[in-house]
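Dear colleague,

I am passing on to you the structure that I have been going through, and it follows directly below. After it I set out what was found, one part at a time.

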Amino acid sequence: MSTRIAFLKGHGTENDFVIIPDPDNAIELPPAAVAVLCDRRAGIGGDGVLHVVRSAAHPEARHLADEAEWFMDYRNGDGSIAEMCGNGVRVFARYLQHAGHIGAGDLAVATRGGVKTVHIAKAESGGEITVGMGKARLSGDDVTVSVADHEWPALNVNMGNPHAVAFVDDLSQAGNLYAPPLFSPAAAYPDGVNVEFVVDRGPRHVAMRVHERGAGETRSCGTGTCAVAVAAARRDGVDPAATGAPVTYTVDVLGGRLVITERPDGEIEMTGPAVIVAEGEFASEWLETAIA
């Protein structure tokens, strides 16, 4: 018997998501179902799925229930599981506000990359959302990325998920980014990697394109903008841990602009917009038929 399943659609700097509210973790979302939901021709369309579950109801997040009521069970557009999604956290928080679960102010969101602190500004202050993204981990290993006949050195930055950040002369050198850029050594990223290509726009201001593993080129990548800001600070000699002063970079993505601040203790904050654009229902029978 077919049932109706509620969904919403939202985006953060045009990194877009299908939102599935499921507080009690009662909806099964196998990889094939996620891929169908994210299909832009045969499904709803999105870069990923935000499965909204109470932490206490999800086996991967029960241990975090005392710290964060809500768990962001995030899936990439191909159905694979991801540790974190920076734009996704902002949209997740906006959904909770939209649904009346929270108001402006502070909250904690559980993710596979740990508990993230979130601040929703009041509407009169612009309503933007700031997410505490944790600290970057830099491996120090030499990494290269390549597209066609171009090859660049890249910084290996982990933001709860892996990134390779390469500074290039022109963003067009990244090609179409349909396929994952090649990287070496293979052992640097055994589970794949998000690859950012970066150019300078001005003082403390860069622009980027990104290939997200499991999604292809996306309009924005929150953890990617953080990785880019960290890489730019190291390149520019303004590592906050060394200077004792926070540093802020503006990062332009195809879908808009994010502001990233790294503090002397290593903590990184990302600030940007998040929008709910639509809501509706789909029939469970449609989804079951599509993945049969």
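In this predicted model, the residues of helix H1 that are buried are Ala 33, Val 34, Val 36, Leu 37 and Cys 38. These buried residues pack against four strands, namely S2 (15-21), S3 (48-54), S4 (70-76) and S19 (275-283), and also against helix H5.

The pairing of the two helices deserves a fuller description. The axes of H1 (residues 31-38) and H5 (residues 284-291) come within 9 Å of each other and cross at roughly 110 degrees. Since angles of 65 to 115 degrees count as roughly perpendicular, H1 and H5 are therefore roughly perpendicular to each other. On the H1 side the contact is made by Ala 32, Ala 33, Val 36 and Leu 37, which meet Trp 286, Leu 287, Ala 290 and Ile 291 of H5. The residues of this contact between H1 and H5 comprise eight that are nonpolar, with no polar and no charged ones.

Turning to the interior, the largest nonpolar core holds 51 residues, and within this core Met 72 and Val 118 touch the most other members. Helix H3 (residues 222-235) gives the most to this core, contributing eight residues. Apart from this core lies another, of 17 residues, which includes Leu 177, Val 195, Phe 197 and Val 199. If neighbours within four places in sequence are left aside, Met 72 is in contact with a long list of residues, among them Leu 50, His 51, Met 84, Cys 85, Gly 88, Val 89 and Phe 92, as well as Val 109, Ala 110, Thr 111 and Arg 112.

Helix H2 (residues 86-98) has 13 residues and reaches 19 Å from its first C-alpha to its last, which is close to the 18 Å expected at 1.5 Å a residue. Eleven of the 13 residues of H2 are buried, so this helix is largely enclosed by the rest of the structure. The buried residues of H2 include Gly 88, Val 89 and Phe 92, and these three are also in contact with Met 72. Just after H2, Gly 100 takes a positive phi of about 85 degrees.

Three single residues may also help you to find your way around the model. Cys 226 is found in helix H3, and at 0% relative accessibility Cys 226 counts as buried. Not counting residues up to four places away in sequence, Cys 226 touches Met 133, Met 159, Ile 260, Ile 268 and Met 270. The C-alpha atoms of Cys 226 and Lys 135 are separated by 9.5 Å, although the two residues are 91 residues apart along the chain.

Ser 146 is found in strand S9 and is buried, with a relative accessible area of 16%, which falls under the 20% that marks a buried residue. With neighbours within four places in sequence left aside, Ser 146 is in contact with Glu 151, Trp 152, Pro 181 and Leu 182.

Gly 140, by contrast, is exposed, with a relative accessible area of 66%, and is found in the loop between strand S8 (137-138) and strand S9 (143-147). Gly 140 and Leu 155 are 15 residues apart in sequence, and their C-alpha atoms are 7.7 Å apart in space.

With best regards

Definitions and conventions: Residues are numbered from 1 along each chain as its sequence is written. This is a predicted model: local features need pLDDT of at least 70, side-chain atom pairs count only at pLDDT 80 or more; totals for chains, interfaces and linings use all residues. Side-chain values use heavy atoms; hydrogens and water are left out. Axes are lines fitted to C-alpha atoms, for helices over the stretch in contact, and angles run from 0 to 180 degrees between N-to-C directions. Angles under 35 degrees count as roughly parallel, over 145 as roughly antiparallel, 65 to 115 as roughly perpendicular and the rest as oblique. Contact means heavy atoms within 4.5 Å. Ala, Val, Leu, Ile, Met, Phe, Trp, Tyr, Cys and Pro count as nonpolar, Asp, Glu, Lys and Arg as charged, and the others, Gly among them, as polar. A nonpolar core is a set of buried Ala, Val, Leu, Ile, Met, Phe, Trp, Tyr and Cys residues joined through side-chain atoms within 4.5 Å. Buried means under 20% relative accessible area, exposed over 50%, partly exposed in between (1.4 Å probe, protein chains only). The expected span of a helix is 1.5 Å times one less than its number of residues.
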